[in-house]
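Visitor: I am new to this model, and I would like to understand the reasons behind the words that are used for its parts. Could you take me through them with care?

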Amino acid sequence: MTEDEAAFVEAMGQFMGGTGMTPMAGRLWAWLLICDPPAQAAGDLAVALKASRGAISGAAASLASTGMIRRMRRRGDRREYFSAPPGTFDLVLRSAGTAYGRLLAITSEGLAAVNGRPGGRERLQEVHDAVAFVAIELPALLDRYLAERRAAVTRPVLAGHSQPEEAPA
């Protein structure tokens, strides 16, 4: 792992740690996004990330449950391999839309439960309205993003801000 790669891995760990996941989950996900070969055994990940196999296993369980990585076994090999193949984050984005739909239903039930009760409704109404907006707008936004991504030959690179090229017709 180069110094720049290590900096990326650590930055992702710090970011994910601030979102409720463990820093190790962020570090693991970052490494799986850039490592070669793309599928790595737990022992290899432990060496690359300078972490215990137990830390790798716990982080992998968390990431796999959200759909951010895949766990697999190879025929004739007892080791478990982990990867972040293309398309997995698309599924994560789609699940966010589903989560907002569930949250909308819950806040709607909450509004019905406090109907006519003084206090509390204003705060819940604010959350409900924000969730309703996101639940309605997110699916169309994701559809547009995925369509644009499928049409692009290359993806934009954040640091260089390169523009995607249109796919040949």
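Guide: What follows is a conversation about how the terms for this predicted model are justified.

Visitor: What is the overall pattern of the chain, and how many helices and strands does the chain have?

Guide: The chain has six helices and three strands, and when these are read along the sequence they follow the pattern α-α-β-α-α-β-β-α-α. Of the 169 residues of the chain, 30% count as buried, and about 11,100 Å² is exposed, with carbon and sulfur atoms supplying 58% of that area.

Visitor: Why is Leu-63 called buried?

Guide: A residue is called buried when its relative accessible area is under 20%, and Leu-63, which lies in helix H4, has 0% relative accessibility and therefore counts as buried.

Visitor: Which residues are in contact with Leu-63, leaving aside its neighbours within four places in sequence?

Guide: With those neighbours left aside, the residues in contact with Leu-63 are Met-16, Met-21, Ala-25, Leu-28, Trp-29, Met-68 and Ile-69. Contact here requires heavy atoms within 4.5 Å, whereas the C-alpha atoms of Leu-63 and Thr-22, which are 41 residues apart along the chain, are separated by 10.0 Å.

Visitor: What makes a group of residues a nonpolar core, and which residues have the most contacts inside the largest one?

Guide: The members must be buried residues of nonpolar kinds, such as Leu, Ile or Trp, joined through side-chain atoms within 4.5 Å. The largest nonpolar core has 25 residues, and those with the most contacts inside it are Leu-28, Trp-29, Leu-32, Leu-49, Leu-63 and Ile-69. Two or more residues of this core come from each of helix H1 (3–17), helix H2 (23–34), helix H3 (42–49) and helix H4 (53–66), and the largest share, seven residues, comes from H2. As a general tendency, nonpolar side chains in soluble globular proteins are buried together.

Visitor: What makes S1 and S2 edge strands?

Guide: The three strands form an open sheet in the order S1-S3-S2, with antiparallel pairing, and strand S1 (40–41) and S2 are its edge strands, since each pairs on one side only.

Visitor: How do you know that S1 and S3 count as a pair?

Guide: Pairing asks for at least two bridges between two strands, and two bridges join S1 to S3, so the requirement is met. Within this antiparallel pair, Gln-40 stands opposite Phe-82 in S3.

Visitor: Is Ser-83 buried or exposed?

Guide: Ser-83, which lies in strand S3 (residues 80–83), has a relative accessible area of 7%, and because this is under 20%, Ser-83 is buried. Apart from neighbours within four places in sequence, Ser-83 is in contact with Leu-32, Pro-38, Ala-39, Ile-69, Arg-70 and Met-72.

Visitor: How do you know that the span of helix H5 is close to what is expected?

Guide: Helix H5 (residues 88–113) has 26 residues and reaches 38 Å from its first C-alpha to its last, which is close to the 38 Å expected at 1.5 Å a residue. The buried residues of H5 are Thr-88, Asp-90, Val-92, Thr-107, Gly-110 and Leu-111, and what covers them includes H4, strand S2 (70–73) and helix H6 (121–151).

Visitor: Why is the meeting of Arg-94 and Asp-143 called a salt bridge?

Guide: The rule asks for a side-chain nitrogen of Lys or Arg within 4 Å of a carboxyl oxygen of Asp or Glu, and the side chains of Arg-94 and Asp-143 meet at 2.6 Å, N to O, so the pair qualifies. Arg-94 lies in helix H5 and Asp-143 in helix H6, so this salt bridge ties together parts that are 49 residues apart in sequence. Arg-94, at 33% relative accessibility, counts as partly exposed, and Asp-143, with a relative accessible area of 41%, is partly exposed as well.

Visitor: How many salt bridges are counted by this rule?

Guide: The count comes to six salt bridges, including one between the side chains of Glu-148 and Arg-144, at 3.5 Å from N to O. Glu-148 and Arg-144 are four residues apart in helix H6, and they are therefore separated by about one helical turn.

Visitor: Why is Arg-144 called exposed?

Guide: The word applies over 50%, and Arg-144 has a relative accessible area of 52%, so Arg-144 is exposed.

Conventions: Residues numbered from 1 in each chain as written. Predicted model: local features only at pLDDT ≥ 70, side-chain atom pairs only at ≥ 80, totals over all residues. Heavy atoms only, no water. Buried < 20%, exposed > 50% of the residue type's maximum accessible area, 1.4 Å probe, protein only. Areas by Shrake-Rupley, 256 points an atom, 1.4 Å probe, with all protein chains shown as cover. Expected span 1.5 Å × (residues − 1).
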